[in-house]
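Hi,

Here is the structure I said I would pass on. Have a look at it first, and then read on for my notes.

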Amino acid sequence: MRDEPEERLTIITTHLNADYDAMGSMLAAQKLYPEAQVVFPGSQEKNLRNFFVHSMVYLFNMVNIKEVDFDAVGRLVLVDTKTPSRIGRLSELLDRPDVEVHIYDHHPAQPDDAHGVYEVVELVGATVSIMTQIIRAKEIPISPDEATILCLGIYEDTGSFTFTSTTEKDFTAAGFLVAQGADLRIISNMISREITQEQLEVLNDLFQASARYNIQGVEVTVSSVTSDRYIPDFAYLVHKMMKMEDLNAIFALGRMDNKIYLVARSRTSDVDAGAIARSLGGGGHPYAASASIKERTLAQTEQRLLEVLHATLSSSKRARDLMSAPAISVEPEVSCEEARSLLTKYSVNALLVIEKDAASDRLLGYITRQIIAKALYLKLQSKVRDYMMTEMGAVGPDAEISEIQEKIIENKQRVLPVVDNDRAVGVITRTDLLNALVQQSRSGRTVPDPYKEEINARTRNIRRFMDERMPRSLMAMLVTIGEVGANLGYGVYVVGGFVRDLFLYRPNEDIDIVIEGDGIAFARTYAKMMGARVHSHEKFGTAVVIFSDGFKVDVASARLEHYRFPADLPSVEMSSIKLDLYRRDFTINTLAIQLNPGKFGTLIDFFQAQKDIKEKVIRILHNLSFVEDPTRVYRAIRFEQRFGFTIGKLTARLIKNVVEMDFFRQLSGRRVFTELRLIFEEENPAPAIQRLDDYGLLEILHTDLTPDKKRRDLFHSVKKVLSWHDLLFLEESYLRWAVYFAAMVEGCSRHTTEAICEKLELAPRHRAIFNRDRFEALDALYRIRRDMDMENSDLYRELSPFKTEMILFMMAAAKDEGIKKAIAHYYTQLRFVAPFVTGKDLKNMGLTPGPLYREILDAVLDAKLNGLVKTRDDELNFVRNYVA
């Protein structure tokens, strides 16, 4: 370091978007250049500068850039940067031969870097670490306040010593500063301080706008926000989001006033944040960078950012990351006709040919759809062995993309087997390779995969969200489930409605677990550990773990599912979580949360479920979904009405198509009834029933089931009655659906009702409710209406034969409020009335047991119901008078 030029001004500056490392480096430079002036190159450091101005102003010889006499400057000291475009107007000084440039920086060298007569550049975690070494070597004293500010810069730029860019020198420098009195309490408060309400709103906007991209095997998150004014600590908020979501790399764009700011953070060597930022006119090091962009819209900047990411990022994936598993195969002696059925069954274009014996499975080759189609077109009575491709390459699970590319291209293979210990564990298609090498544009579609549909999942960690939304006991259960699965070597996920309702803020403790492995083996292991019971279903690979308190956990093996014909029950085989989710009914039910330790709380979204939940849309996953299982139509309508969603246009059209094609006629009545019952169990099924009619589904059951005004009014009345009943908080169970079902068939004759019950394959006890009890209840209702002044005993005799379902139906069907109140009076009071006197009392009175007992006790009950007797003595006196 040289002496200052006589009577010439020395300026210390740093980069735009100054962070704590930049601020600390300027303070350190001021210790090395005591007469220098500290100048910010821009105005956006408002919040950081306020911190220093208000609490440590005495430490800085700070001036506004507008007050600087550029002609008087003889030395420019750059700290934490050497990129001309990042120091604003002060870059003018770099071109002047009379200005001496000194540089202190920790960023890697770039072609457009400025150069000085004196440079100290080291690849460490923070520039402050470099300058602290110099201060220490020169034995320049520093105060505790100065040590605190310098140490703050090291903590921030090393991520509290967690970034991979952290070096031994950073620890040494921090240790020295602590020895000089650096206050770690202040540093902790600054690094992990509470955020303001305004910053919380910005953070929420970053979360909402975030999108995850899988670019050539590297996952990055891009987000953006817009504000009319400068957002203090934008970089801090981006770093906060990165930690909360456990992201590997994030690029956040903020439009503030008329500028766009980029903050980039990376924790993976696959993403060089500094290189990306430099392409946008900024700079930084591989793990933290920023840029300031002018004269571009936010949309243009985001598009440019994506272009740079696609052009810059390279894949580090291996074969195990690209392969489709399991490897769908065929045995060599299978006929071409059977092989074609397999291709259609699994929607693939190629099959591995594997010869199975007791010792091992031997990979012989592969056969394609084109070969099989030609053989069948030529009417060749041939087997797979006769036409399979035997000259092929294979790779191991750890093969790099270059090896995969070489094998597929040189051998002209449609599929490349991935072999582990002489066993085919998966396949890589040409499209898998293509998608890994050439990332499609954001708005484009990937090429259809001949082996599987290529879908990149959006993932993010939601553990904190789970902690906020779930009871501790349930959270602990999921943690244990993940640990048990990991010990067995299985992937473990909680899926479906539980995850969906988590984001809809609806209570749901129906736990559905999917195991990438043997679900039944997992269930038995977990149940044994928890002292629970297991009920398994070997055919479907499912099990239910039942705890002593009755709580249940459903377990399923991740499975491929195919249908042998429309409306069939599914056939099941083992599969991965992606294929398991693909078999589900609607996109909103395809969310999964991984439970394995290390990845616990990772939300997986292959099918844009979060987007559909946000937009409140019900969509199916593929166009043959309703053909394979028409009962999904009932579920679509049920979910639509329950959540206040709308069935998507394509999904609605496919519903109409499947109704017109008459696939519902092939459904068993029992399956239709199951779906109807679930609809009737909803809080307000009336809108769903109307939607069933809109699609012509009620007419399929019977033409008399049209929900006319009379029936709609009855549904509304049933809803009010059931709400009244549930508010009584009686510890009695009843068939809620049966009350609505009775309302649905109201107005139907006995013959029609019987036909509907027959079609739905109702159990005999349920048929009796609708085809016997309902008509008897209507007769009783008619008698009550005719005699509005009947005594309590008569009301009791009319209503006591009926169960709760029919009592509630009668209340709903009664048009007169007086009758409703009479029935309510019976249900809440009269039905609980019973005499104190028993048969034993009658025997003690010398009466001979027989029919007379029933006659006397009924008379006592009538008297009690009508208020004629109240006490036991009253009842005994009544009996004596009655007998006399």
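Phe-878 and Tyr-882 sit 4 residues apart in helix H38 (residues 872-883), so about one helical turn separates them. This is a predicted model, by the way. The two rings make a stacked aromatic pair, with 6.1 Å from centre to centre and 25° between the planes. Neither side chain is hidden away: Phe-878 counts as partly exposed at 23% relative accessibility, and Tyr-882 is also partly exposed, with a relative accessible area of 36%.

That pair is one of several, as the count for the model comes to 24 aromatic pairs. Another one to look at is Phe-161 with Phe-171: the ring centres are 4.7 Å apart and the planes meet at 20°, so this pair is stacked. Here the partners come from separate elements. Phe-161 is in the loop between helix H4 (144-157) and helix H5 (168-179), while Phe-171 belongs to helix H5, so the pair ties together parts that are 10 residues apart in sequence. As for cover, Phe-161 has 18% relative accessibility and counts as buried, because the cut-off is under 20%. Phe-171, at 46%, counts as partly exposed.

There is also an aromatic cluster worth colouring in your viewer. Its members are Phe-673, Phe-680, Phe-715, Trp-737, Tyr-740, Phe-741 and Phe-770.

Now for the chain as a whole. Its secondary structure adds up to 38 helices and 29 strands. With 884 residues, the globule rule would give a radius of gyration of 29 Å, but the value for this chain is 38 Å, well over that, so the chain is more spread out than a compact globule. Along the principal axes, the C-alpha atoms fill a box of roughly 135 × 85 × 50 Å.

On the inside, 52% of the 884 residues count as buried. Taking contacts with a separation of 6 or more, 65% are between residues 24 or more positions apart.

On the outside, the chain exposes about 41,600 Å², and carbon and sulfur atoms supply 48% of that area. As for charge, I get 112 positive and 125 negative side chains, and the centres of the two sets lie 6 Å apart.

That's what I have so far. Shout if you want to go through any of it together.

Cheers

How values were computed
Residues are numbered from 1 along each chain as its sequence is written. This is a predicted model: local features need pLDDT of at least 70, side-chain atom pairs count only at pLDDT 80 or more; totals for chains, interfaces and linings use all residues. Side-chain values use heavy atoms; hydrogens and water are left out. Helices (H or I, at least four residues) and strands (E, at least two) are DSSP runs, numbered from the N terminus. The radius of gyration is taken over C-alpha atoms; the globule rule is 2.2 Å times the number of residues to the power 0.38. Buried means under 20% relative accessible area, exposed over 50%, partly exposed in between (1.4 Å probe, protein chains only). Contact means heavy atoms within 4.5 Å. Accessible areas come from the Shrake-Rupley method with a 1.4 Å probe; for residues, only the protein chains shown count as cover. Lys and Arg count as positive and Asp and Glu as negative; His and the chain ends are not counted. The place of a charge is taken as NZ of Lys, CZ of Arg, CG of Asp or CD of Glu. Rings of Phe, Tyr and Trp (its six-membered ring) pair if their centres lie within 6.5 Å; planes under 30 degrees apart count as stacked, over 60 as edge-to-face and the rest as tilted.
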